[in-house]
Amino acid sequence: MKHSVKTAMEASMEAGMEAGMETESMLDATMLDARIDDALRAASHAAPAPELAQRIVLRLESAAVEDRAGRFRWPRVLVPAAGCAAVALLMVAGMRMHERAQAGAKSAMTSRTETVAAVPGEAVPETDAEEATARRASARNAEEDGAGLKARGSKYAARRVSRPVRQTFPDNYPLTHQERLLVQLAKTVNPAELQMLNPVYRAAQEAKEDAAFEAYLHSSAAASDSSTATNATPAKNQNNVQATQASQAETPQAETSQEGTTL
Amino acid sequence: MTVAEGQLLRWMEAGADAVASDPAAAYAVDVAALATEYSAILYRVAFSVLRNAVDAEDAVQETFLRVLRHREKLGDIQDMRVWLVRIVWNQALDRKRRQKAMPLEDEAAQLMGAVASGELRADAALIAAQGQARILQAIDCLPRKEREVLLLSAMEELATAEMAAVLGVTESSVRSRLFRARQRLRERLQISEGRRRG
């Protein structure tokens, strides 16, 4: 009996303890919930600093002003930028033109060398006039036969066609026959022939030749007159022979002068 | 009339011609009116995430500047309050992500400064603030979705539907997340309390 009462008392005590623990845990949970709510409320119910709205409005006002000013900022930046770009373009174009002009001058200076390098088998012209004539003729041939150029694939020839011929002084017209003779004469460098180009010297030589011819005529006329009388005096015949020999000695000089005139 | 409303009125009067001719100025006036109306709740939302007065104010100002930049969308907004809360919420989360973890003492000091505690003495207020800071740090350790719901639920102005709109989820998921968040937080707090006592 005692044992049963004791057991019942223990059971009731255990039940009471469990109930107390549950109550305590419920109280703890409620307290925790309250503490969580307090913490969240503290975090979310913070009072904003005074005049927050006024500061925001002021900030918005300045932002709106900046926005209005920003609409005219691009043109203010773009106009000088466009001007600078235009100036830079002009400078670049000017430099290009200058470089082209310099390159044209250089190509005119080195055109002879290029021509030699372009056509290895071609005869090398000796004078500027001949070179110009040959270049023009080859350019004309190239223009007439562009397909031939392409077929040949010579980049030198294409360059020669595309490059404009620069005007030079004296002009590159072909020489006349007399000019060629003069050039040939200048190359031989014979002083006697060169002297014949002097009109004074030439006139003197011609006068001398005329005089020798006249003397020869007179002497031959005198010889014919005296031949009639030769039969009478052999001494006269001997004089005539001497005169003939003298005239024959002068003849080679006259021949050389005749050659000079023919030239 | 509040100071901000007076400022808004002065601005409108001073720039009446400009406001009439310039749509940007008119939009600015609209945004200023929104700032006057919603700056307090937006500040509280930002403070609940950032727990720093300066950062919260910066987040609110940035929010209204964003609104001003996207002012052409103002006409399409149905619920202006939820839209603004969503903007400031994302803004605050971005800032929070960039911030380093705040020490407990600093957080308690921020809470003491933010909460008006005229009823408590200084030492009691400090103890209370430290307890609250401990709970808030435990909230920060919760999973992201549960943490966000719990923080937003503290806003008494926001209904469950508005919270769902801000977070972009359904109302039922808001409720379930909120239940799980509180349960998990209780368990963690009990464990930490037991460790401190034991």
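B:Arg86 sits in helix α5 of chain B, which covers residues 80-98. In this predicted model, is B:Arg86 buried, exposed or partly exposed? With 18 other C-beta atoms within 10 Å, B:Arg86 comes out as partly exposed, since a residue needs 20 or more to count as buried. The C-alpha atom of B:Arg86 lies 9.2 Å from that of B:Met163, although 77 residues separate the two along the chain.

B:Met163 belongs to helix α9 of chain B (residues 160-167), where B:Ala164, B:Ala165 and B:Val166 are buried along with B:Met163. Right after α9(B) comes B:Gly168, with a positive phi near 75 degrees. A little further on is B:Thr170, in the loop between α9 and α10 (171-197) of chain B. B:Thr170 has 12 C-beta neighbours inside 10 Å and therefore counts as exposed. Looking back along the chain, B:Thr160 is 10 residues away from B:Thr170, and their C-alpha atoms are 9.2 Å apart.

Another positive phi turns up at B:Arg51, near 55 degrees, and this time the residue is not a glycine. B:Arg51 is placed in the loop that links α3 (23-50) to α4 (53-69) of chain B. Unlike an exposed loop residue, B:Arg51 counts as buried, because it has 24 C-beta neighbours inside 10 Å.

What about the nonpolar interior? In soluble globular proteins, nonpolar side chains tend to be buried together. Here the largest nonpolar core has 58 residues, and the members touching the most others are A:Leu60, B:Ala35, B:Leu42, B:Ala46, B:Val60 and B:Val88. Helix α3(B) supplies the largest share of this core, 13 residues. Taking B:Leu42 as an example and setting aside its neighbours within four places in sequence, its contacts are B:Val60, B:Thr63, B:Leu84, B:Val85 and B:Val88.

Two further helices of chain B show how burial is laid out. Helix α7(B) runs over residues 122-140, and its 19 residues should span 27 Å at 1.5 Å a residue; the end C-alpha atoms are 26 Å apart, which agrees. Which residues of α7(B) are buried? They are B:Ala128, B:Ala129, B:Gln132, B:Ala133, B:Ile135, B:Leu136 and B:Ile139. These residues cover an arc of only 165 degrees around the axis, so they fall on the same side of α7(B). Helix α8(B), residues 144-153, is another matter: 7 of its 10 residues are buried, so the helix is largely enclosed by the rest of the structure. Its buried residues are B:Glu146, B:Glu148, B:Val149, B:Leu150, B:Leu151, B:Leu152 and B:Ser153.

Stepping back to whole chains, chain B has 10 helices and 0 strands, and its elements run α-α-α-α-α-α-α-α-α-α from the N terminus on. Buried residues account for 38% of the 198 residues of chain B. Among its contacts with a separation of 6 or more, 63% join residues 24 or more positions apart. Chain A comes to 11 helices and 0 strands. Of the 263 residues in chain A, 7% are buried, and residues 24 or more positions apart make up 48% of its contacts with a separation of 6 or more.

How far can the coordinates be trusted? The mean pLDDT of chain B is 79, with 74% of its residues reaching 70 or more. For chain A the mean pLDDT is 69, and 48% of its residues get to 70 or more. Within chain A, the element with the lowest mean pLDDT (50) is helix α4 (residues 111-118), and the one with the highest (85) is helix α10 (residues 199-230). Residues 116-124 of chain A have pLDDT below 50, and this stretch makes 5 contacts in the model beyond near neighbours in sequence. The pLDDT is also below 50 over residues 254-263 of chain A, a stretch with 7 contacts beyond near neighbours in sequence. Where pLDDT is low, the predicted coordinates should not be read in detail. For the model as a whole, the scores are ipTM 0.70 and pTM 0.48.

Terms used. Residues are numbered from 1 along each chain as its sequence is written. Chains are lettered from A and ligands numbered from 1 in the order in which they are written. This is a predicted model: local features need pLDDT of at least 70, side-chain atom pairs count only at pLDDT 80 or more; totals for chains, interfaces and linings use all residues. Helices (H or I, at least four residues) and strands (E, at least two) are DSSP runs, numbered from the N terminus. The expected span of a helix is 1.5 Å times one less than its number of residues. The arc is that of the directions from the helix axis to the C-beta atoms. Two residues are in contact if their C-beta atoms, placed from the backbone, lie within 7 Å. A nonpolar core is a set of buried Ala, Val, Leu, Ile, Met, Phe, Trp, Tyr and Cys residues joined through C-beta atoms within 7 Å. pLDDT is the predictor's confidence in each residue, from 0 to 100.
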